[in-house]
Amino acid sequence: MLTRQQAVALEKASNGEFESLSQAAAARRDAHWGHTLTYSRKVFVPLTTMCRDDCGYCTFVQKPGTPGARIMTPDEVMAVVREGERLGCKEVLFSLGEKPERRYPEAREALARLGHRSMTDYLVEMCDRVLRESELLPHVNAGTLDDDEIARLKPVSVSMGMMLENVSRRLLQRGQAHFACPDKVPVQRLRTLERAGRHGVPFTTGILIGIGETWAERVDSLLAINDLHRRYGHVQEVIVQNFRAKPGTAMAGHPEPSLDDMVRTLVLARLLLDPEISLQAPPNLEARFAAYLDAGINDWGGISPVTVDHINPERAWPQIDALRRATERCGYGLAERLAVYPRYLRRPERFLSAPLASRLAGIARNDGLALAQCV
Ligand SMILES: O=c1nc2n(C[C@H](O)[C@H](O)[C@H](O)CO)c3cc(O)ccc3cc-2c(=O)[nH]1
Ligand SMILES: C[C@H]1O[C@@H](n2cnc3c(N)ncnc32)[C@H](O)[C@@H]1O
Ligand code: SF4
């Protein structure tokens with residue numbers, strides 16, 4: 001739809017030019033996804049807040065020795081899951097710090113008390129427990145993963161995710177967002193994305209904008225995602241997320257991207273990515289989120305009636321009713337979806353373990369979720 005050169009040149013497009021591109025993006029969304037926006041009703045489980053990385057924008061991460069640094073116990077996890085079940089949630093989003101046991105003895109000790117040697121081992125156990133003891137479906141957002149980790153997580157989760165963030169290597173330099181972050185080295189992120197493709201894992205990824213990257217680097221990040229999707233067919237959704245500056249972080253004084261920047265980047269993403277890739281932007285990180293609809297998004301991501309957004313805890317989710325009204329005012333409907341997109345249910349032999357495939361087929365039948373509309 002757009003060449004790299006055209007996409008890079010968009011940085012300088014006038015408002016008038018952008019207007020027509022935004023219409024093209026919305027038309028591309030309508031043609032593929034119809035007039036329905038989706039969301040996933042979920043609970044958010046921050047399995048551990050300890051992390052071996054130190055992203056300049058992150059308030060989720062807590063250093064051992066501070067009160068917030070911990071690993072949730074199985075009982076704590078299951079209490080959240082049961083509350084989600086009571087309120088009709090269908091997804092458990094496990095989001096966690098990356099491999100804290102490789103950096104901190106405190107993390108190794110806490111894991112040992114739970115009977116494990118790595119966070120991934122514990123994560124596999126908890127996903128399995130969620131599947132056995134609840135109706136909810138685990139989705140894993142654990143950062144970079146190796147082949148063995150993906151192979152062990154695939155049978156106990158319906159999908160996995162990891163934000164690419166950006167392919168820019170500049171951001172690893174001292175004073176930049178990803179300084180001292182081994183898991184934010186672009187080639188490591190890309191390898192995880194590729195491994196997920198080879199393992200046939202329905203995958204959520206995306207870019208974080210406003211962290212010091214250039215427009216051309218956003219273009220290259222989206223193109224890298226699209227290339228991997230063309231090889232493996234596994235990228236179910238791409239999130240375009242706006243950086244929010246947080247007090248107490250290295251990037252507290254860094255400017256946040258404007259609404260116009262977000263809208264332009266969403267248009268770029270919709271026009272660069274293959275149309276079957278769902279395009280998601282979070283409604284809780286921008287008060288005027290309804291403007292995203294004109295830029296071609298088709299999904300609002302996970303919304304929880306139970307838990308806060310642990311990554312952006314100061315940003316409350318909109319109530320689902322309010323999201324529905326805002327979506328309807330723009331002429332679109334709102335429908336619930338599962339953590340895994342429908343097209344993967346049509347190719348279960350590659351993308352789902354057999355028990356999960358039959359379980360999902362049952363849920364889709366019984367709940368009449370928005371499964372028909374997309375390819
Ligand atoms: O609906 C989803 N939302 C996902 N989200 C969005 C999340 O639910 C929230 O919308 C954002 O964290 C808002 O702060 C992610 C956000 C990330 O930054 C990284 C990974 C994910 C993964 C998912 C996901 O798989 N499904
Ligand atoms: C889980 C995801 O949350 C995103 N993330 C982490 N910190 C912030 C922030 N301050 N603002 C917006 N998004 C953030 C990153 O993209 C990470 O991959
Ligand atoms: S964003 Fe993820 S990888 Fe970075 S510090 Fe926070 S928890 Fe760790």
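**Notebook: fold, strand 6 and two ligand shells**

I began with contacts: of those in the protein with a separation of 6 or more, 76% are between residues 24 or more positions apart. A reminder to myself: this is a predicted model.

**Entry 1, overall build.** I looked up the secondary structure and found 13 helices and 9 strands. The radius of gyration is 20 Å, close to the 21 Å of the globule rule for 375 residues, so the protein is as compact as a globular protein of that length. I also took the span of the C-alpha trace along its principal axes, which is about 60 × 50 × 40 Å. Of the 375 residues, 49% count as buried.

**Entry 2, strand 6.** Next I went to strand 6, residues 235-242, where 7 of the 8 residues are buried, so the rest of the structure largely encloses it. I checked its partners in turn. Strand 5 (residues 203-209) runs parallel to strand 6, and 7 bridges join the two. In this pairing I noted Leu208 opposite Gln241 of strand 6. Between these strands the chain passes through helix 8 (residues 215-232), in a right-handed β-α-β crossover.

Strand 7 (residues 278-280) is also parallel to strand 6, with 3 bridges joining them. Here I found Glu237 with Ser278 of strand 7 as its bridge partner. The route from strand 6 to strand 7 goes through helix 9 (residues 259-272), and this β-α-β crossover is right-handed too.

**Entry 3, ligand 2.** I then listed the residues around ligand 2: Tyr57, Cys58, Ser95, Met163, Glu165, Leu208, Gln241, Phe243, Arg244, Lys246, Ile311 and Asn312. It was nice to meet Leu208 and Gln241 again here, as they stand opposite each other in the strand pairing. By class, I get 6 nonpolar, 3 polar and 3 charged residues in this shell.

**Entry 4, Asn312.** I picked Asn312 from that shell for a closer look. I located Asn312 in the loop between strand 8 (299-303) and helix 10 (320-329). How buried or exposed is Asn312? I counted 17 other C-beta atoms within 10 Å of Asn312, so the residue is partly exposed; buried would take 20 or more. Leaving out residues up to four places away in sequence, Asn312 touches Arg244, Asn284 and Leu285. Of these, Arg244 is also listed around ligand 2. For one distance, I took the C-alpha atoms of Asn312 and Asp367, which are separated by 30 Å and 55 residues apart along the chain.

**Entry 5, ligand 3.** Last, I looked at ligand 3, whose surroundings include Cys51, Asp53, Asp54, Cys55 and Cys58. Cys58 had already turned up around ligand 2. The ligand 3 shell divides into 5 nonpolar, 2 polar and 4 charged residues.

Note on methods. Residues are numbered from 1 along each chain as its sequence is written. Chains are lettered from A and ligands numbered from 1 in the order in which they are written. This is a predicted model: local features need pLDDT of at least 70, side-chain atom pairs count only at pLDDT 80 or more; totals for chains, interfaces and linings use all residues. A residue is near a molecule or strand if its C-beta atom, placed from the backbone, lies within 6 Å of it. Ala, Val, Leu, Ile, Met, Phe, Trp, Tyr, Cys and Pro count as nonpolar, Asp, Glu, Lys and Arg as charged, and the others, Gly among them, as polar. Helices (H or I, at least four residues) and strands (E, at least two) are DSSP runs, numbered from the N terminus. The radius of gyration is taken over C-alpha atoms; the globule rule is 2.2 Å times the number of residues to the power 0.38. A residue is buried if 20 or more other C-beta atoms lie within 10 Å of its own, exposed if 12 or fewer, and partly exposed in between; C-beta atoms are placed from the backbone. Two residues are in contact if their C-beta atoms, placed from the backbone, lie within 7 Å. Two strands pair if DSSP finds at least two bridges between them. A crossover is right-handed if, with the strands pointing away from the viewer, the path from the first strand over the helix to the second runs clockwise.
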